[in-house]
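The exercises below are meant to be worked with the sequence and the coordinates open side by side. Each task is followed by a solution that goes step by step.

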Amino acid sequence: MKKIILFLSIMLTGMMTVNAQEESKISFSGYLGTGLAMSTPARTPVTLHVIGYYNISNRFSAGVGTGVSVYEKTLIPLYADVKYKLSAPHKFTPYAECGCGYSFAPQNNTNGGFYFSPTIGVEWSAFKKNKVLFAVGYELQEFERLKQFENQYMKTEFQESLSHGSIALKVGMTF
């Protein structure tokens with residue numbers, strides 16, 4: 001009987017070690033999103049973001065994200081992101097996520113600005129390793145641009161500061 005218990009203990013320890021090795025500490029999420037503009041001037045954003053996470057535990061992850069956000073101007077946000085699963089992982093797992101950082105503007109006469117995006121969503125384990133993400137949140141994007149005005153009597157330039165807030169709707173995938 002002792003040999004069987006010893007044999008089962010060794011097998012169980014080996015299986016736990018193999019399972020621990022299979023779970024990756026690094027994961028990636030990609031989002032495609034749009035939003036409902038809440039500010040004036042209203043501009044519906046289109047976003048495409050990728051986030052690389054370090055999985056601190058099976059429920060908490062921290063990482064860095066980037067992508068492309070298109071408002072009146074195209075912006076490239078670079079931000080820190082944290083994600084917390086609100087329950088143990090199941091077929092449908094609710095989560096909360098928050099990204100905060102700065103957006104860079106690749107165009108001339110435009111300066112980037114503060115980026116902030118808190119989100120709640122659901123992970124759907126549709127595939128073995130990959131999960132489909134559905135999320136809703138808020139997105140704040142600030143930036144400045146140089147505007148020009150010219151008529152037959154004068155020509156002027158001024159700097160305009162814009163702050164776009166929108167309800168963000170996102171669909172994505174974790175891989």
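**Exercise 1.** Which backbone oxygen does the side chain of Ser-117 reach, and at what distance? Describe also the surroundings of this residue in the predicted model.

*Solution.* Begin with the position in the fold: Ser-117 belongs to strand 7, which spans residues 113-124. Next, search for polar partners of the side chain, which reaches the backbone oxygen of Tyr-138 at 3.4 Å and also makes a polar contact with the side chain of Lys-170 at 3.3 Å. Then widen the search to contacts in general, leaving out residues up to four places away in sequence: Ser-117 touches Glu-97, Cys-98, Gly-99, Tyr-138, Glu-139 and Lys-170. Finally, classify the exposure: Ser-117 counts as buried because its relative accessibility is 3%, where the cut-off for buried is under 20%.

**Exercise 2.** Determine how strand 7 is paired with strand 5 and with strand 8.

*Solution.* Take strand 5 as the starting point: strand 5 and strand 7 run antiparallel and are joined by 12 bridges. One residue pair to locate is Pro-94, whose bridge partner in strand 7 is Val-122. Turning to strand 8, the pairing with strand 7 is again antiparallel and extends over 8 bridges, and in this pairing Tyr-115 stands opposite Gln-141 of strand 8. As a last step, follow the chain from strand 7 into strand 8, where a hairpin of 6 residues makes the connection.

**Exercise 3.** Which residues make up the largest nonpolar core, and which strands each supply at least two of them?

*Solution.* The largest nonpolar core holds 8 residues, namely Tyr-31, Ile-51, Tyr-53, Tyr-79, Tyr-95, Tyr-115, Leu-133 and Ala-135. Assigning them to elements shows that strand 2 (46-55) and strand 8 (131-150) each supply at least two residues of this core. One member can then be examined singly: not counting residues up to four places away in sequence, Ala-135 touches a set of residues that includes Tyr-31 and Tyr-95, as well as Thr-119, Ile-120, Gly-121 and Lys-170.

**Exercise 4.** Is Asn-108 buried or exposed, and where in the chain does it lie?

*Solution.* Locate the residue: Asn-108 is in the loop between strand 5 (92-104) and strand 6 (110-111). The relative accessibility of Asn-108 is 66%, and it therefore counts as exposed, since the cut-off for that class is over 50%. To relate sequence to space, compare Asn-108 with Leu-146, from which it is separated by 38 residues in sequence and by 8.8 Å from C-alpha to C-alpha.

**Exercise 5.** Summarise the chain as a whole, and identify where the prediction has low confidence.

*Solution.* Start from the secondary structure, which consists of 1 helix and 9 strands, with the pattern α-β-β-β-β-β-β-β-β-β along the sequence. Of the 175 residues in the chain, 31% are buried, and about 10,900 Å² is exposed, 66% of it supplied by carbon and sulfur atoms. Among contacts with a separation of 6 or more, 53% come from residues 24 or more positions apart. For confidence, note that the mean pLDDT is 86, with 87% of residues at 70 or more; among the elements, strand 5 has the highest mean pLDDT (96) and helix 1 (residues 2-22) the lowest (47). Over residues 7-21, pLDDT stays under 50, and the model has 0 contacts beyond four places in sequence for them. Where pLDDT is low, predicted coordinates should not be read in detail.

How values were computed:
Residues numbered from 1 in each chain as written. Predicted model: local features only at pLDDT ≥ 70, side-chain atom pairs only at ≥ 80, totals over all residues. Heavy atoms only, no water. Helix = DSSP H or I, 4+ residues; strand = E, 2+ residues; numbered from the N terminus. Polar contact = N/O pair within 3.5 Å; in protein donor to acceptor, adjacent residues only side chain to side chain. Contact = heavy atoms within 4.5 Å. Buried < 20%, exposed > 50% of the residue type's maximum accessible area, 1.4 Å probe, protein only. Core = buried A, V, L, I, M, F, W, Y, C linked by side-chain atoms within 4.5 Å. Areas by Shrake-Rupley, 256 points an atom, 1.4 Å probe, with all protein chains shown as cover. Pairing = 2+ DSSP bridges. pLDDT = per-residue confidence, 0-100.
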